[in-house]
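Here are a few short exercises to work through with the structure open beside you. Try each task before you read its solution.

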Amino acid sequence: MNRLLMLLAAATLLASGPAAAGDAATPEKVAICAACHGADGKAVMPIYPHLAGQYANYLEHALREYRSGARKNPVMGAQAATLTDAEIHALAAYFSAQSGPLHTPDVHATAPKAAAH
């Protein structure tokens with residue numbers, strides 16, 4: 001059943017064709033991602049990665065690699081095949097802005113002081 005949902009989502013994306021360069025993360029594009037990754041970027045099954053809270057530049061990089069074929073995954077390759085750079089940027093911005101289970105430590109926080117002996 002889940003594989004059927006993924007194939008339907010891929011077919012929907014491919015049928016939609018390329019969008020205009022200025023498109024944002026449209027509800028339709030988010031809905032396609034949501035089939036596996038959840039509308040808020042929290043994956044619906046543990047086999048899919050969470051997108052919520054992920055770095056936007058990482059998400060953009062991953063989608064561009066799926067689109068080019070550098071990353072091999074037939075479902076994600078089909079999903080990314082018709083995305084424009086603007087759509088990739090908008091989707092990455094949308095999912096990175098969602099709060100999620102991912103945690104990135106603050107690299108600028110002050111380190112705890114060592115205890116005096």
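**Exercise 1. Find where valine 44 sits, and say which surface feature it helps to make.**

Solution. Start with the place: valine 44 is in the loop that runs between helix H2 (27-37) and helix H3 (56-68). Bear in mind that you're looking at a predicted model. Next, look at the surface: Val44 joins Met45 and Ile47 in a nonpolar patch of about 290 Å².

**Exercise 2. Work out which residues of H2 are buried, and what glycine 38 does just after H2.**

Solution. Go along the helix and pick out the buried ones: Lys29, Val30, Ile32, Cys33, Ala34, Cys36 and His37. Then step just past H2, where glycine 38 takes a positive phi of about 80°.

**Exercise 3. Lysine 29 forms a salt bridge with glutamate 87; decide whether each partner is buried or exposed, and say which parts the pair ties together.**

Solution. First, check the distance: the closest N and O atoms of glutamate 87 and lysine 29 are 3.9 Å apart, and the cut-off for a salt bridge is 4 Å. The pair ties together parts 58 residues apart in sequence, because glutamate 87 lies in helix H5 and lysine 29 in helix H2. Now for burial, where the limit is under 20% relative accessible area. Glutamate 87 has 2%, so it is buried. Lysine 29 has 8%, so it is buried too.

**Exercise 4. Trace the salt bridges of arginine 64, starting from glutamate 60.**

Solution. Begin inside helix H3: glutamate 60 and arginine 64 are both there, 4 residues apart, which is about one turn of the helix. Their side chains meet in a salt bridge, 3.1 Å from N to O. Glutamate 60 is buried at 13% relative accessible area, while arginine 64 is partly exposed at 30%.

Now move on to the other partner. Arginine 64 also makes a salt bridge with aspartate 85, with 3.5 Å between the closest N and O atoms. This one links distant parts of the chain, since arginine 64 is in helix H3 and aspartate 85 in helix H5, 21 residues apart. Their C-alpha atoms are separated by 8.1 Å.

**Exercise 5. Describe the surroundings of aspartate 85, and name the network it belongs to.**

Solution. Aspartate 85 is in helix H5, which covers residues 85-97. At 41% relative accessibility, aspartate 85 counts as partly exposed. Set aside its neighbours within four places in sequence, and its contacts are Arg64 and Arg67. Finally, put the pieces together: Glu60, Arg64, Arg67 and Asp85 are linked in a network of salt bridges. The structure holds 6 salt bridges.

Key: Residues numbered from 1 in each chain as written. Predicted model: local features only at pLDDT ≥ 70, side-chain atom pairs only at ≥ 80, totals over all residues. Heavy atoms only, no water. Patch = residues over 30% accessible without salt bridge, like charges linked within 9 Å, V, L, I, M, F, W, Y side chains within 5 Å. Areas by Shrake-Rupley, 256 points an atom, 1.4 Å probe, with all protein chains shown as cover. Helix = DSSP H or I, 4+ residues; strand = E, 2+ residues; numbered from the N terminus. Buried < 20%, exposed > 50% of the residue type's maximum accessible area, 1.4 Å probe, protein only. Contact = heavy atoms within 4.5 Å.
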